[in-house]
Amino acid sequence: MNEMHAVVKMEPGTGAEYTTRPIPEVRDDEVLIKVLSTSICGSDLHLYNWDEWSEQRVQVPRIMGHEMAGEVVEVGKAVRSFKVGDYVSAETHIYCGYCYACRHGRTEVCMNLQIIGFDRDGAFAEYVSLPERVIWKNDPGIPREWASIQEPLGNAVDTVLAENPAGKTVLVTGCGPVGLLAIGVARATGATTIFATDINEYRLELALKMGANFILNPKKVNVVEYVLDATHGAGVELLLEMSGSVSALRDGLRLVTPGGAVSLLGLFPNREVSLDLNNDVILKGIRVHGITGRKIFSTWFKTSRLLASGKLDLDPVITHRFPMAEFEKGLQLMREGLCGKILLLPPSAA
Ligand code: ZN
């Protein structure tokens, strides 16, 4: 009984396997968590596909997955703030605590970052052992399905709250899971009008459920003309760029009102992007925020308070649930874009 089921990247190249692995050993500073729910991130699909970044970074075999909720079943000798039975989730970014960024309180951009499910074994398993310093204690009132998507919700919280959205007009470009969560967060934190764009009609319908006022498909509508018309020429005060699409970024920047702001979360596949910086950023006095990870742990406090407030309903975003053994069904839906957030449930919870 020292074995558990897990989704494992076994070897270089496309693919992963649902197989058995030893239950992890618990080091002195770690807690062993019995996994109750997990969810799939876009980065898991990249690892499954074995993209260039995975090839350079990941050593196999590696248990995949990082978004999760679970229950503490064992604590290491040096663990001080958790006990058996605690209901927890985990920050994916294990920071070193000693580098220049960490010593400036910017642990989310630690220069020696270890990422759960990539640099060490992850959560698509029945058990995962993780350092105490990245464990987050959940309010027992938060459903486990919501708790397991708090990590991407934290990305959305930081994207929206890089500026104060209250009373403002917001454009969200890209309605993948984090874009959808950002719409919910913008709505809950007082944005007045929310425009959402995507080329995927399924996701635009979810955007409406999350609180968008206007959903626009750039393949069917001229987004710049539509938004300028709807805002009497003013444009939007906040652009939340979640798509990684160059045309969405260009249209979005054109629509930001002078003195407005932009949060960039979507990663651009070709990395280099040409923009009219003079007219679309500098001469309009626009503030630009790059968003990565979550502030550890101030974002988690904000996120859990938002969940407790009752102002944010995550149910519309969670569109599918699969037993962990059927993880490939989830990955296939993500490739097709016919989903919001997909949960993978371990055998005990499926
Ligand atoms: Zn560091």
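**A surface patch, a parallel sheet and its salt bridges**

Leu277 has its place in helix α10, which covers residues 277-282. The structure shown here is a predicted model, and this leucine is a friendly place to start reading it. With a relative accessibility of 43%, Leu277 counts as partly exposed, because that class lies between the limits of 20% for buried and 50% for exposed. Together with Leu275, Ile282 and Leu283, Leu277 forms a nonpolar patch on the surface, and the four residues share about 390 Å² of accessible area.

From the surface, the description moves to a sheet. Strands of a sheet pair through backbone hydrogen bonds, in either a parallel or an antiparallel manner. Here, six strands make an open sheet with parallel pairing, in the order β13-β12-β11-β14-β15-β16. The edges are taken by β13 (214-216) and β16 (287-290); each has a single partner strand, so one side of each is left without a neighbour in the sheet. From one strand to the next, the twist averages 15°. At one of these edges, β13 pairs with β12 (residues 193-197) in the parallel sense over three bridges, and Phe195 stands opposite Phe214 in β13. Helix α6 (residues 177-188) packs on the sheet, where it touches β11 (169-173), β12 and β14 (236-241). The direction of helix α6 makes about 175° with that of β12.

Charged side chains add another layer to the picture, with a count of 15 salt bridges. One of them joins Glu30 and Arg120, with an N to O distance of 3.1 Å. This pair links distant parts of the chain: Glu30 lies in strand β3 (residues 30-39) and Arg120 in the loop between β8 (114-115) and β9 (127-131), 90 residues apart. Glu30 is buried at 3% relative accessibility, and Arg120 is buried at 16%. Through salt bridges that share partners, Arg27, Glu30 and Arg120 are joined into one network.

A further salt bridge brings together the side chains of Lys341 and Glu67, at 3.2 Å from N to O. Distant parts of the chain are linked here too, as Lys341 belongs to strand β18 (residues 341-345) and Glu67 to strand β5 (residues 67-75), 274 residues apart. Both Lys341 and Glu67 are buried.

In the salt bridge between Arg106 and Glu108, the closest N and O atoms are 2.8 Å apart. The two partners fall into separate classes: Arg106 is partly exposed, at 40% relative accessibility, whereas Glu108 is buried, with a relative accessible area of 4%.

Technical notes. Residues numbered from 1 in each chain as written. Predicted model: local features only at pLDDT ≥ 70, side-chain atom pairs only at ≥ 80, totals over all residues. Heavy atoms only, no water. Pairing = 2+ DSSP bridges. Helix = DSSP H or I, 4+ residues; strand = E, 2+ residues; numbered from the N terminus. Axes fitted to C-alpha atoms, helices over the stretch in contact; angles between N-to-C directions. Contact = heavy atoms within 4.5 Å. Patch = residues over 30% accessible without salt bridge, like charges linked within 9 Å, V, L, I, M, F, W, Y side chains within 5 Å. Areas by Shrake-Rupley, 256 points an atom, 1.4 Å probe, with all protein chains shown as cover. Buried < 20%, exposed > 50% of the residue type's maximum accessible area, 1.4 Å probe, protein only.
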